[in-house]
Amino acid sequence: MIFRFQQDYENHQLIQLNVNYRCTETIVEAAGKLISHNTLRTDKELQADKKGGKNLSIRQFKNQGEELISLTAEIRRKLKQGYEKDEIAILVRNNSQISVIMKALQNNGIGGYAKKQSKGLHKGMVFQDISAYLMAAEDYPEKELMENRGLLKIMNKPRRFLPREMVLQKGMTWERLKEQLRNCPEIMEQIENLEFGLGMIKKLPAYAAINFIRKGMKYDEYLLEYAKEHQCNKKELFRQLEEIQNNAYSVKTVWEWLERRKEEGDEPGENKGIQLMTMHGAKGLEFPVVFLPDCNQGIIPTKTSLLEGRIEEERRVFYVAMTRAEKELYIWGVKEQLGTPVEMSIFVDEILCK
């Protein structure tokens with residue numbers, strides 16, 4: 001994103017925000033070692049606001065059966081320690097990994113996991129994005145930015161180059177954000193446009209609000225770019241978007257739409273179970289405890305990315321997954337899959353390097 005920004009705006013001023021307020025120092029340092037192997041990036045050494053922290057759990061099990069036994073046992077320990085179920089996340093690279101983990105949780109009596117995550121990344125993503133836009137509008141402008149329920153998820157959909165680290169600062173308001181970025185006219189314009197858009201969404205009926213998100217906020221353009229970048233079926237994504245918008249005909253206001261989703265159990269963040277989702281689906285989220293199972297070559301990075309030379313993209317995905325963890329991070333893999341020997345992900349070696 002930074003490289004695109006530098007290309008789009010020739011007379012730019014680059015302000016680096018190098019303090020991570022989410023993760024412990026241990027997690028920040030490990031993630032820094034990982035991402036330092038990417039060459040297409042702006043050099044930046046992150047510092048953690050939370051000093052210290054528990055060591056990462058990096059383990060390799062004989063097979064997936066042993067890994068799942070340990071996974072469910074460790075989750076039970078976390079629950080006994082006082083963590084809520086929705087404070088624990090299991091992030092996987094592909095949707096195909098979800099059903100096996102769900103079954104293991106169910107068989108071990110750990111109920112309430114995020115079952116709807118298995119319906120597919122793209123359906124979930126479109127619905128979650130539209131919901132987040134509507135919630136961001138509902139919370140605008142009264143709440144501080146970090147307390148706005150939807151802002152973090154949608155503020156760069158499409159790209160607006162808004163700095164996440166700054167938005168997450170305690171006490172940050174819209175006015176303070178503009179004051180701190182007053183020397184960046186391009187970003188200032190983006191902030192003002194976003195404010196205007198959220199204000200409009202708040203006033204419109206639900207159907208019109210979603211239409212404004214699509215056209216006025218340029219979500220349609222973002223979805224086209226997303227489909228191209230991730231090689232998705234754009235017709236399917238837009239079919240889902242049309243379905244969401246058409247369903248909004250039956251309610252009058254954005255508030256009513258959100259209340260109905262809440263009653264049906266579809267409002268983002270309302271599922272109080274173990275959070276099971278893909279690494280892509282976890283963007284913009286954070287959890288005290290994060291498990292990354294099946295960290296093996298061919299899964300992360302994927303076989304396709306290795307063949308096509310897209311390992312830096314995969315490393316960024318793994319970096320995002322690591323930095324969803326606020327306090328505790330588990331990076332696990334196996335020695336064999338279906339009787340065939342497999343190696344731990346190269347990313348694990350990069351994390352462990354001195």
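1. Let's start with R59 and W332. In this predicted model, the charged end of R59 sits over the W332 ring, 5.8 Å from the ring centre. W332 also has aromatic company: ring pairs connect it with F61, F291 and Y330 in a cluster.

2. Within that cluster, have a look at F291 and Y330. Their ring centres are 4.3 Å apart and their planes lie at 20°, so this pair is stacked; the cut-off for stacking is under 30 degrees. F291 belongs to strand 6 and Y330 to strand 7, so the pair links distant parts of the chain, 39 residues apart. Both F291 and Y330 are buried.

3. The model has 9 aromatic pairs by the centre-distance rule. One of them is Y133 with Y219, whose centres are 6.3 Å apart with planes at 80°, so this pair is edge-to-face. Y133 comes from helix 5 (residues 121–139) and Y219 from helix 11 (residues 219–230), so the contact ties together parts 86 residues apart in sequence. Y133 and Y219 are both buried.

4. Now for the sheet. It is open and built from 5 strands in the order 3-7-6-4-5, with parallel pairing. Strand 3 (57–61) and strand 5 (275–278) are at the edges with a single partner strand each, so one side of each has no neighbour in the sheet. From one strand to the next, the twist averages 20°.

5. If you would like to trace one pairing by eye, try strand 4 (residues 88–92) and strand 6 (residues 287–292). These two run parallel and are joined by 3 bridges. I88 is a handy place to begin, with V289 as its bridge partner in strand 6.

6. Which strands does helix 3 touch? Helix 3 (residues 64–80) packs on the sheet and touches strand 3, strand 4, strand 6 and strand 7 (325–334). The direction of helix 3 makes about 160° with that of strand 7.

7. Finally, a word on R164, a residue of helix 7 (residues 164–167). Is R164 buried or exposed? Its relative accessible area is 18%, and the cut-off for buried is under 20%, so R164 counts as buried. Leaving aside neighbours within four places in sequence, R164 is in contact with R22, L152, M155, G284, E286 and R324. That list is worth having at hand when you view R164 in the structure.

Technical notes. Residues are numbered from 1 along each chain as its sequence is written. This is a predicted model: local features need pLDDT of at least 70, side-chain atom pairs count only at pLDDT 80 or more; totals for chains, interfaces and linings use all residues. Side-chain values use heavy atoms; hydrogens and water are left out. Two strands pair if DSSP finds at least two bridges between them. Helices (H or I, at least four residues) and strands (E, at least two) are DSSP runs, numbered from the N terminus. Axes are lines fitted to C-alpha atoms, for helices over the stretch in contact, and angles run from 0 to 180 degrees between N-to-C directions. Contact means heavy atoms within 4.5 Å. Rings of Phe, Tyr and Trp (its six-membered ring) pair if their centres lie within 6.5 Å; planes under 30 degrees apart count as stacked, over 60 as edge-to-face and the rest as tilted. Buried means under 20% relative accessible area, exposed over 50%, partly exposed in between (1.4 Å probe, protein chains only). A charge sits over a ring if NZ of Lys or CZ of Arg is within 6 Å of the ring centre and within 35 degrees of the ring normal.
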